Amino acid sequence: MTELGQRLRQERESKGLSLEDLQKLTKIQKRYLLGIEEGNYEVMPGKFYVRAFIKQYCEAIGLDTDAIFEEYKSDIPSTQTEDMPQQLSRVRSRKEIPQHTKGVSKAYDYLPTVLVVAGVVVVGIIIWVIAQNIVSDKNKEQANQEAPNSEVQQSNTQEETNETTAKNDNSNSEDEQSAADKKEQEKEKAEKEKAAKEKAEKEKAEKEKAEKEKKDSGKQEYKEVQKTGRSATYALSGTDAFNLEVTSTQADTWLDVKNGKGNAFFSSILKKGETKEFDLTKETEARVNIGYSPGVELKVNGKAVDLPFDSSKQVRQVVTIQYQPAEAQ
């Protein structure tokens, strides 16, 4: 094992992370992570990936990548251009063509005969269809000549029936339209009343929320007490509640939340897009350890607060919040 591999493994284990956890964070296969820790770079898919995988490993456990690369540059291979494997030719000689294709060639010898037979069958079918149509037309013409008077009488009767039916249909249609219009009016009225009620309830809730936030913001105070290294301490006062909300918006991150006595409320991976809420009103102190701070948002009692350090410069950050209830002041 190289000095770099030993350093990385110690830092990972101090975070309570297994290789499986690290694999989920970095999307790098476990065997490659193990190869980095053991200094066995031969298992990598290529030397080009060694530096990239080490960089992702360091970022996931909160180490400064530039500092690590400078300190352990003797353990990390430099990037080299690898020879691309020679592509196999897709052109095959006649000798490489499988022998079973010879049978297919023989089948093509019978193709002209098959086509001639198929053509004769198709012509026969066309002649039969034309003959059937001629016979059918003659039968229809004969039937029309035998019963002209019957068609006239049927036509008159049909017209009378159609007029009567049309009158009845118009009457029924008017009744149905009237009922449909009334039903539609009632539906529109009910929808308007429902929308008005929902709007009133929403406005009332928003007003109450705004008043509460205004009231709380006037009392609550969140100020910095101390800042050193990657840790910072803040004091929360002027409020009777201590609710903490942590959201990861960009990537999975390690999150550890403990009280002043060291009791853990959460110690695991916080997935991208996931939010965790903690009611710490009964605690006097909370310690929040963030493994990968880019994209992490903190809220105290529903109000967003900034992280103490620039996440592009300090990936891992520790925030301690000391809480003093308003009633105790």
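Partly exposed, in these legends, describes a residue whose relative accessible area falls between the buried range, under 20%, and the exposed range, over 50%. The close-ups below all come from a predicted model.

**View 1. Tyr49 and Phe53 pair within helix α4.** Tyr49 has a relative accessible area of 37%, so this residue is partly exposed. Its partner Phe53 counts as buried, because its relative accessibility is 11%. Both residues belong to helix α4 (residues 47-61), where they sit four residues apart, about one turn of the helix. Their rings make a tilted aromatic pair, with 5.8 Å from centre to centre and 45° between the planes. Take a look at Tyr32 as well: together with Tyr49 and Phe53, Tyr32 forms one aromatic cluster.

**View 2. Phe242 meets Tyr323 in a pair that links distant parts of the chain.** Here the ring centres are 5.3 Å apart and the planes lie at 45°, so the pair is tilted. Phe242 comes from the loop between β2 (231-237) and β3 (243-248), while Tyr323 is in strand β10 (residues 317-323), 81 residues apart. Phe242 and Tyr323 are both buried.

**View 3. Helices α2 and α3 cross in a right-handed manner.** The axes of α2 (residues 19-26) and α3 (residues 30-38) come within 9 Å, crossing at roughly 110°. Angles of 65 to 115 degrees count as roughly perpendicular, so α2 is roughly perpendicular to α3. On the α2 side, the contact is made by Leu19, Glu20, Leu22, Gln23 and Thr26; α3 contributes Lys30, Leu33, Leu34 and Glu37. By type, the contact residues are four nonpolar, two polar and three charged.

Methods:
Residues numbered from 1 in each chain as written. Predicted model: local features only at pLDDT ≥ 70, side-chain atom pairs only at ≥ 80, totals over all residues. Heavy atoms only, no water. Axes fitted to C-alpha atoms, helices over the stretch in contact; angles between N-to-C directions. Helix = DSSP H or I, 4+ residues; strand = E, 2+ residues; numbered from the N terminus. Parallel < 35°, antiparallel > 145°, perpendicular 65-115°, else oblique. Left-handed = near helix turned anticlockwise from the far one by under 90°. Contact = heavy atoms within 4.5 Å. Nonpolar A, V, L, I, M, F, W, Y, C, P; charged D, E, K, R; others polar. Phe/Tyr/Trp six-rings, centres within 6.5 Å; stacked < 30°, edge-to-face > 60°. Buried < 20%, exposed > 50% of the residue type's maximum accessible area, 1.4 Å probe, protein only.
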